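Please open the model in your viewer with side chains available, and follow the selections below in order.

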Amino acid sequence: MSESHQRHPHIIATGRYCYHEVAFFAFGVFIGLAYVLGSPPSTSLIALLTTWQVRGWGIIMLVSGVVGLLGAFWRGSLRFALQVEGAALLIQAGAITLLTTALFGVGGARALTAGGISAAWTIANLLRAGHIRRFLRS
Amino acid sequence: MSAVNWLAVGGQVAVTILGAAGVTELIKAVASRRTRKIDNVDRLSDIAIEQVEAIKKDAREARDEARSARQEAAGARREMHEIRQSAEEISRYLYQVLSWIHDPQMTIERLRAVVPPPGTNGGTPSGAPPLGRRVQPPPTLW
């Protein structure tokens with residue numbers, strides 16, 4: 001640990017305390033399951049992707065959600081939990097980026113709210129993943 | 001290629017890159033977990049060996065100290081035994097001298113004869129017999 005960390009203890013909350021993150025992981029599991037099981041996808045995704053690509057997107061959301069929840073609620077090593085959580089955040093950030101591009105690509109400025117929320121979700125995921133990565137390297 | 005198609009390609013590229021990074025992280029986490037367990041076991045083994053060595057050293061020192069303490073205690077017991085014997089002999093001799101003094105038939109000449117002066121007949125300057133030597137009364141007195 002660096003000298004600045006020793007002087008000012010850097011408290012890292014584990015994933016289980018990041019409620020937004022846990023909620024999005026759970027939503028990822030839900031939406032992933034829905035699309036994998038054949039729920040009608042959103043028009044923006046259909047406009048951008050083929051049906052099997054939408055299914056693939058659903059699988060990615062499902063996997064990232066399950067892995068993320070696993071990392072968030074892992075009771076063993078904190079290092080392993082954070083690594084798993086960071087991996088899930090990256091995977092989910094990729095999937096949400098695709099959703100964001102689909103929303104803005106189809107809706108343009110009209111998709112500002114939905115696209116903005118999904119973009120913020122992506123950015124938050126990437127920032128949290130970077131945070132975890134920096135902590136694990138310190 | 002239309003803008004929507006470009007966006008689709010961009011989105012898929014982002015999914016691929018970030019997904020690959022995430023999967024890589026996941027694989028690294030699982031792999032490092034396995035090696036970390038081995039490292040931890042090694043570290044614990046090293047710590048255990050160090051502690052065992054330290055305990056052995058402490059036990060050796062404790063054994064040495066106990067041995068020297070036992071030796072000192074045996075010496076002290078021996079000295080105590082000798083001192084007790086000497087005290088008993090001195091007590092007996094003093095009792096004899098007192099008996100001679102209070103004997104009605106005792107004269108100063110006879111007393112001088114039975115109680116040797118200091119430094120003679122095995123006596124000591126204080127008049128006491130040398131340690132370890134039992135003094136018997138003259139048979140003519142009793």
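A patch, as the word is used on this tour, is made of residues with over 30% relative accessible area and no salt bridge, with nonpolar side chains joined within 5 Å and like charges within 9 Å. Please keep in mind that this is a predicted model.

Begin by selecting A:L33, A:V36, A:L37, A:I59 and A:V63, which together make a nonpolar surface patch of about 420 Å². The elements that contribute two or more residues to this nonpolar patch are α2 and α4 (51–72) of chain A. A:V63 sits in helix α4 of chain A and is partly exposed, its relative accessible area of 39% lying above the 30% that a patch residue must exceed.

Now colour chain A by pLDDT, whose mean over the chain is 85, with 88% of the residues reaching 70 or more. Among the elements of chain A, helix α2 (residues 19–36) has the highest mean pLDDT, 92, whereas helix α1 (residues 3–7) has the lowest, 57. Where pLDDT is low, the predicted coordinates should not be read in detail. Chain A holds six helices and zero strands, and of its 138 residues 47% count as buried.

Next, select A:R128 and A:E21, whose side chains meet in a salt bridge at 3.1 Å, N to O. This pair links distant parts of the chain, 107 residues apart, with A:R128 in helix α6 (residues 112–137) and A:E21 in helix α2 of chain A. Both A:R128 and A:E21 are buried.

Then show B:E25 together with A:R133, where a salt bridge of 2.5 Å, N to O, is found. This pair crosses between chains, from helix α1 of chain B to helix α6 of chain A. B:E25 counts as buried at 15% relative accessibility, while A:R133 counts as partly exposed at 34%. Keep B:E25 selected and add B:K28, since these two side chains also meet in a salt bridge, at 3.6 Å, N to O. B:E25 and B:K28 both lie in helix α1 of chain B, three residues apart, about one turn of the helix.

Finish on the surface of chain B, where B:D39, B:D42, B:D46 and B:E50 form a negative patch. B:E50, in helix α1 of chain B, counts as exposed at 56% relative accessibility. A patch of positive charge is gathered from B:K56, B:K57, B:R60 and B:R63. Of these, B:K56 is found in helix α1 (residues 3–102) of chain B and is partly exposed, with a relative accessible area of 46%.

Definitions and conventions. Residues numbered from 1 in each chain as written. Chains lettered and ligands numbered in written order. Predicted model: local features only at pLDDT ≥ 70, side-chain atom pairs only at ≥ 80, totals over all residues. Heavy atoms only, no water. Areas by Shrake-Rupley, 256 points an atom, 1.4 Å probe, with all protein chains shown as cover. Salt bridge = Lys/Arg side-chain N within 4 Å of Asp/Glu carboxyl O. Lys, Arg positive; Asp, Glu negative; His and termini not counted. Charge placed at Lys NZ, Arg CZ, Asp CG, Glu CD. Helix = DSSP H or I, 4+ residues; strand = E, 2+ residues; numbered from the N terminus. Buried < 20%, exposed > 50% of the residue type's maximum accessible area, 1.4 Å probe, protein only. pLDDT = per-residue confidence, 0-100.
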